[in-house]
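Here are a few short exercises to work through with the model open. Try each one yourself before reading the solution.

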Amino acid sequence: PQQRGIGLADMLSATKHGRPHRASGDLALHVLEMMTSIVRSSEEGRRIDVTTTCERPAPLRSGLAPNTFD
């Protein structure tokens with residue numbers, strides 16, 4: 001099944017229910033650092049230490065009907 005729009009659906013649901021959404025700035029920064037560290041490590045042939053962290057988001061509920069977010 002297609003998962004297009006799942007991030008936006010989660011953001012809407014989180015806003016509605018007063019919880020943090022999964023697509024946080026902290027997560028985006030950490031993912032960006034991981035990606036750039038992998039490239040640098042490959043180019044430089046050495047280990048690159050990662051300095052950012054983020055809280056692991058809770059998993060999405062399973063069994064949601066298509067085109068829903070609640």
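**Exercise 1.** Work out whether Leu 60 is buried, partly exposed or exposed, and find what it touches.

*Solution.* Start with the relative accessible area: Leu 60 comes out at 39%, so it is partly exposed (buried is under 20%, exposed over 50%, partly exposed in between, with a 1.4 Å probe and protein chains only). This is a predicted model, where local features need pLDDT of at least 70, side-chain atom pairs count only at pLDDT 80 or more, and totals for chains, interfaces and linings use all residues. Residues are numbered from 1 along each chain as its sequence is written, and side-chain values use heavy atoms, leaving out hydrogens and water.

Next, place it: Leu 60 sits in the segment after α2 (25-44) (helices are DSSP runs of H or I, at least four residues, numbered from the N terminus). Now list contacts (heavy atoms within 4.5 Å): skipping neighbours within four places in sequence, Leu 60 meets Ile 6, Asp 10 and Arg 22. For Asp 10, 50 residues away along the chain, the C-alpha separation is 8.3 Å.

**Exercise 2.** Do the same for Cys 54.

*Solution.* Cys 54 has a relative accessible area of 29%, so it is partly exposed. It also lies in the segment after α2. Beyond four places in sequence, Cys 54 touches Asp 26, Leu 27 and His 30. Its C-alpha is 5.6 Å from that of Asp 26, 28 residues apart in sequence.

**Exercise 3.** Which residues of α1 are buried, and which are exposed on the other side?

*Solution.* Ala 9, Asp 10, Ser 13 and Ala 14 are buried. On the other side, Leu 8, Thr 15 and Lys 16 are exposed.

Technical notes:
Helices (H or I, at least four residues) and strands (E, at least two) are DSSP runs, numbered from the N terminus.
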